[in-house]
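These are my notebook entries on one structure. I recorded what I looked up, entry by entry.

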Amino acid sequence: MARAVPSRPARARREPVAPNDGVWLQDSPTNLMVINAVYTTDHLTLEAVREIFQRRVIEAGGGERYPRFTKRIVRVRGRDYWEEVPDFDITRHIFAAAHVRLATTLALQDYIGSIADTPLPRDKPLWQIQYVEHTEDGGSAFIIRIHHCMGDGIAMVPILFALMDEREKMEQAGELTPEGALKTGGRQPTRSLSMFQKLVLAPLAGPFILIQRLIWKADAHHLHGPALSGRKGVSWTRPLDLEVIKSIRLQIGATVNDVLMATVSGGFARYFARVAGVAIPPATLRISMPVNVRAPHETLKMDNKFAAVLLDLPFGSHTARERITRIKARMDSLKKGVEPIVIYGVVNALLYALPPAVSRFLIDFLANKCTMVVTNVPGPQGELTLGGKRLRHLMFWVPQRADIGVGVSILSFGGQVQIGVIADRLLVPDPGYVIEALEEEFEALKAELGL
């Protein structure tokens with residue numbers, strides 16, 4: 001039996017949705033703003049998961065640490081608000097999937113794709129976990145669906161840690177911040193401006209960056225241009241060895257993210273040549289890449305605080321080393337500059353100043369310049385357990401907006417990296433072919449660099 005959520009003061013029961021969260025309420029029939037994820041464990045019961053989630057997430061901090069899990073979105077006089085649900089019941093959000101047995105990874109992928117285009121009920125908090133009791137080798141799976149308005153990837157990772165048995169030990173070891181975020185060490189490879197300098201320079205550079213974005217031609221090819229169907233397919237790579245990726249990084253003097261972006265670029269070039277039937281692929285592939293704009297010591301909370309920055313990946317005929325070097329140069333320039341702050345400010349200004357229909361049109365116009373969304377989120381590197389059961393696998397898929405039909409998600413977990421693809425089936429009938437191309441590109445990258 002689910003326990004009641006601790007009561008909160010009446011004045012806190014309704015609060016306006018901030019523009020940086022409200023922008024993600026702009027779902028469309030062909031693209032829902034929903035983050036889809038899956039994790040698998042050794043066999044775990046539905047009742048155990050509900051109890052763990054209730055205790056470690058819903059009731060954490062007296063119900064205030066992750067408050068949006070018990071709040072729904074309501075519209076009052078044309079404005080959206082967070083409103084506490086008076087009769088919150090966890091059984092409405094964590095429940096058995098339509099299929100209690102999915103015996104293969106392919107069957108699990110097909111099921112996730114089949115529900116990815118299903119909207120979340122708006123009369124309840126915008127999240128759910130579907131439980132699959134039996135998967136491969138005696139495991140269980142949990143398919144998580146969270147609307148993007150509740151928070152971005154940086155805000156959501158701490159919730160994963162909150163569920164795990166090792167949370168307390170990781171806090172004591174100093175591996176987590178007080179909010180539960182993973183601490184990441186290491187020296188920055190480039191010297192960038194301070195947040196204060198960026199905030200000062202952003203208004204000066206803003207008009208030039210905005211004009212550049214407005215006049216850029218949109219990508220036009222097999223994966224961007226045709227109308228979308230709204231039906232989704234998902235897949236993911238086999239685990240890629242993080243130590244190998246780090247070795248490649250050291251050889252070239254790049255970052256792990258540079259190497260992974262090069263793998264994505266080369267993998268899609270292979271897919272174009274082999275499956276899409278494009279004899280001469282485009283010279284570049286434009287992606288939308290989320291960039292965190294939180295200050296270094298800002299307290300982490302459930303919200304969206306990132307800018308969707310456009311980046312051109314080299315897509316022509318290059319060696320792996322050349323591809324990584326070119327991507328590194330572009331990523332370094334991005335880190336040093338003010339573009340993320342400018343884009344974040346522009347989107348918020350549009351939402352504040354213009355009617356919803358107008359702001360949505362302009363934001364979609366800017367977003368539609370690119371082919372796909374690519375995001376990279378660092379996950380836990382040690383072995384984790386949930387309810388005493390080993391966490392076997394973890395993957396997520398980033399949502400797309402407007403007419404973008406492809407999303408690529410990169411997640412490091414337990415010393416390995418996996419790349420997930422979600423795509424509109426009209427553009428990519430079988431995402432498994434993209435996955436094969438990405439895996440082949442990684443092997444080619446290793447071979448070229450002698451690893």
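**Entry 1: aromatic pairs.** I looked up Phe53 and Trp127 and found both buried, that is, under 20% relative accessible area, where over 50% is exposed and anything in between partly exposed (1.4 Å probe, protein chains only). The model is a predicted one, in which local features need pLDDT of at least 70 and side-chain atom pairs count only at pLDDT 80 or more, while totals for chains, interfaces and linings use all residues. Residues are numbered from 1 along each chain as its sequence is written, and side-chain values use heavy atoms, with hydrogens and water left out.

I searched the whole structure for aromatic pairs and obtained eight. Rings of Phe, Tyr and Trp (its six-membered ring) pair if their centres lie within 6.5 Å; planes under 30 degrees apart are stacked, over 60 edge-to-face, and the rest tilted. Phe53 and Phe69 have ring centres 5.6 Å apart and planes at 75 degrees, so this pair is edge-to-face. Phe53 belongs to helix 2 (residues 46–58) and Phe69 to the loop between helix 2 and strand 3 (71–76), so the pair ties together parts 16 residues apart in sequence. I note that helices (H or I, at least four residues) and strands (E, at least two) are DSSP runs, numbered from the N terminus. Phe53 has 3% relative accessibility, and Phe69 has 1%. Phe53 also pairs with Trp127 in a stacked arrangement, 4.9 Å centre to centre with 20 degrees between the planes. This pair links distant parts of the chain, with Trp127 in strand 6 (residues 127–132), 74 residues from Phe53. I also recorded one aromatic cluster formed by Tyr39, Tyr131 and Phe142.

**Entry 2: Asn36.** I located Asn36 in strand 2 (residues 34–42). Asn36 is buried at a relative accessible area of 2%. Which side chain makes a polar contact with that of Asn36? I found Arg145, at 2.8 Å; a polar contact is a pair of N or O atoms within 3.5 Å, and within protein one must be able to donate a hydrogen and the other to accept it, with residues adjacent in sequence counting only if both atoms are side-chain atoms. The Asn36 side chain also reaches the backbone oxygen of Val34 at 3.5 Å. Beyond four places in sequence, Asn36 touches residues including Ala116, Phe396 and Trp397, where contact means heavy atoms within 4.5 Å.

**Entry 3: strand 15.** Eight of the eight residues of strand 15 (residues 406–413) are buried, so the strand is largely enclosed by the rest of the structure. I checked its two faces: Val406, Val408, Ile410 and Ser412 lie on one side, with Gly407, Ser409, Leu411 and Phe413 on the other. Strand 12 (residues 372–378) pairs with strand 15 in the parallel sense over seven bridges; pairing requires that DSSP find at least two bridges between two strands. Within strand 15, Gly407 stands opposite Val373. The pairing of strand 15 with strand 16 is antiparallel, over eight bridges, and Val408 has Val421 of strand 16 as its bridge partner. Two residues separate the strands of this hairpin, where Gly414 takes a positive phi near 60 degrees.

**Entry 4: disulfides.** How many disulfides does a search of the whole structure find? I obtained zero, taking a disulfide as a pair of cysteine sulfur atoms within 2.5 Å. Cys149 is buried at 0% relative accessibility, and Cys370 is buried with a relative accessible area of 0%.
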